[in-house]
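Got the viewer open? Here is a short tour, one selection at a time.

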Amino acid sequence: MADILSNGGRDLLLGNEAITRGLIEAGVRFASTYPGTPSSEIGNNLEKISQEAGMYFEFSVNEKVAFETAAAAASSGVRSIVFMKHVGLNVAADPMMTLAYSGVRGAMLILTADDPSLHSSQNEQDNRIYSKLALLPMMEPSTPAEAKDMVAEACRISEELELPLIFRTTTRVNHARGIVEFGEPAEASAKGHFEKDTARFVNIPAFAKRNRLKLLDLNRKATELSEISPLNFIEGEGDTGIITSGVSYTYVKELIKDVQVLKLGFTNPLPERKIADFIRGKSRIIIVEELEPFLEDQVLRICAQNELSVPVFGKRTGHLPMEWEYSPDVIARLKDLVRMDAPPVPLRPVEMKLPGRPPTLCAGCPHRGIFAATKKAMGKRDAVYCSDIGCYTLGVQPPFAMADFIICMGGGVGAAGGFAQATDQKPVAFIGDSTFFHSGIPPLISAKFNDHKLVMVIVDNRTTAMTGHQPNPGTGRDFGGITTEALDIEAVVRGIGVDFLATVNPYDVKAASKVMKEAIDTDGVAVVISKMACPLELKKQRALVIRETHVDQSRCIKCYTCLKTIACPALVKKGDEVHVDAVQCIGCGMCANVCPKDAIEVRQ
Amino acid sequence: MRYTIQIVGVGGQGVLLASMVLGSAAMKAGYKVAMSEVHGMAQRGGSVLCTLRFGEEAVSPLEYSGGADLLMGFEPVETCRNISLANRDTRILMNLDPVYPSMVAAGFEEYPDVDEMVSAVRGRTENLVTIDATSIAVEAGKAVAANAVMIGAVAAAKGFPLSKDLLKEMLAENVPPKFTDLNMKAFDMGYDYMSKQRN
């Protein structure tokens, strides 16, 4: 990891490292998040350095809580940031829509990390649209270096308007790497004072009406700030004009020649006069932006209002796509409109059938055990497996096929309740420990309240694994000078008063299967906690005890039960024999547990 | 000058480390650097691709298909899968040591014949150098140094714009001190191997 607290110089930083450095240089003193790719590394960095940087940082239980804590800090005059992946802002949208009415006193940045092309997400939503919905100012960096510098400018604008500001990044900014020059860290206090102002901070209808008008006024003021912002600048000369923002700007800059470019960094509200002046006299305009025609539709409106009859090319004309992230290959579709070098001729693809390499559950992953146990316990019964967001989503793959319905964080349990009432199929909802705390508790309570006959399996691997092993309420906190006890999931569930509750060790697949059968047969709400630490997390803590495993070929009857039920990547088939890959195997014993002939031996 | 390296492989093979070493060296050499990495879900045993671009005006983190000057393939299937990142003039370095996908390991899918994969690539370009980086690394002391072998080999590739000494220095900065000697040795062996190839 780069030395983000370095006194000066320059370094090759990941976008998320650059943003973290930007927080230090901007005097941000309060940060909160719920981890989500592609924003996660900001939190991982802050977990390590926030205390030394004099900043308070927390992993909140979900994005809504993260948003509310940061909103309070900013309302007390402390510069703050809340950051999350794009779908996280859906969870935090409720407080955002009304905080816009109250506004803030210290700067508040709402960082949303969008994921065009869905590299690690369930949808491709364009969160720029939230800035119009909430009437909040928005900025979009194009590179790691610009992202770092933009943090301070975003704080300045947020404070000038006394409004939270949406700082919108995408995967190719968060996970791009570039050279970043370090500036001076800012001096700031981590403590503010909340000056009460009921008419502003208590949005009962009478006050909210006034605040709505105030917000519309501020939106007009923000337009003026956007007009003069150095983040919206013009480059180059040409008869053709290109209007662009975000990472798309880097493709335009490198690939397209003889055009004039209006690069927008302050993208809500748009600098309407600047855009009209830019368009006036051009022979054509091209809009280059990923996902929704956010700029394009506004530019068309600006053209109409200013009686500019210049052709505008982009998504609406079919020249550029709405779907997936842009790349030089996508930009090449503009070759008939602009001057660019001929693209290289790629080697033709290899025709051989190549095995796929999708992401997969790790060797010794305890999720394999609970999936195998559930499958055995369910037998031929007609079940609907609801899953959730985490590593266990990968249970969708064969041989498990343990995901029939996934929508969002915490969504599986709510859906299981619906399946319980609307079908005669048995719903089973898998949910991770961190996701349980995030949004799994209200649907469980709702299931009990409404007597949904379902099974909820909490796959508790003692960490927030998929996003890079962040702590969660189930692990307790031990960083930034704050230590808290782990919350007991079983005690939480018991408090709700479900009809069946048990904790199992997923490595003992046979025993877990018996318990799962009882849960499935329960006429009510059943909860099974499958508790075993993620081996990757144990490895990180240097607490993983590896046991040697080998297959006794003389006892093996080649039934392949181990391969078919656990399907661990450490089990390798050579000819008709099953062998154990000693490099990958951790000696969890799941394969030995399911072997009908005790042919697999795990040495203690 | 503008130079693009595409690095392909499997999570855990050291693709990210290799890209950091090469990127740091490019920065030290005074170039602008733009890189793109894969993080998150794909790292769970999935295919990994890193794009590294440097030069006087490099700003885009992605490259055209076929736009690579150098394709570093850490794994044969991944090299084949990503062959269209290269054009006829692209230098291709292809490690021959397979990493079996889980469905292959479990016997549900076939892993293609490595020689056949090499001929498929050779049938498309004259600029292929194959390397058994893992064997060389074992000879140097430990299999984990295979990525240092790959970086050393790249340093000797025809037309490669960054100096051997600079790459070595950056490699030393990016590995734990107790593995410095191993990595330096592996780097040199990779460099010597490549120097002996017609490339």
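Contact here means heavy atoms within 4.5 Å. Bear in mind as you click around that this is a predicted model.

Start by selecting the two sides that meet: 59 residues of chain A are in contact with 64 residues of chain B. Putting the chains together buries about 5100 Å², and carbon and sulfur atoms give 62% of that area. Now show Glu254(A), Leu347(A) and Arg357(A) as sticks; in chain A these lose the most area to chain B, together 19% of what that side buries.

Next, look for charges that pair up. Six salt bridges turn up across the interface of chain A and chain B. Zoom in on Arg177(A) and Glu37(B), which form a salt bridge with their closest N and O atoms 2.4 Å apart. Polar contacts can be shown too: 20 residue pairs make them across this interface, with both residues at pLDDT 80 or more.

Which elements of chain A each supply at least two residues of the side that touches chain B? Select strand S1 (10-14), strand S8 (176-181), helix H10 (248-255), helix H13 (328-331) and strand S23 (571-574). H10(A) gives the most, with five residues. Color that side of chain A by residue type and you should get 34 nonpolar, ten polar and 15 charged.

Last stop: the backbone. Select S8(A) along with strand S2 (residues 32-36) of chain B; three bridges join these strands, which run antiparallel. For one of the partners, pick Gly178(A) and look across to Ala34(B) in S2(B).

Definitions and conventions
Residues numbered from 1 in each chain as written. Chains lettered and ligands numbered in written order. Predicted model: local features only at pLDDT ≥ 70, side-chain atom pairs only at ≥ 80, totals over all residues. Heavy atoms only, no water. Buried area = accessible area lost by both parts, 1.4 Å probe. Salt bridge = Lys/Arg side-chain N within 4 Å of Asp/Glu carboxyl O. Polar contact = N/O pair within 3.5 Å; in protein donor to acceptor, adjacent residues only side chain to side chain. Helix = DSSP H or I, 4+ residues; strand = E, 2+ residues; numbered from the N terminus. Nonpolar A, V, L, I, M, F, W, Y, C, P; charged D, E, K, R; others polar. Pairing = 2+ DSSP bridges.
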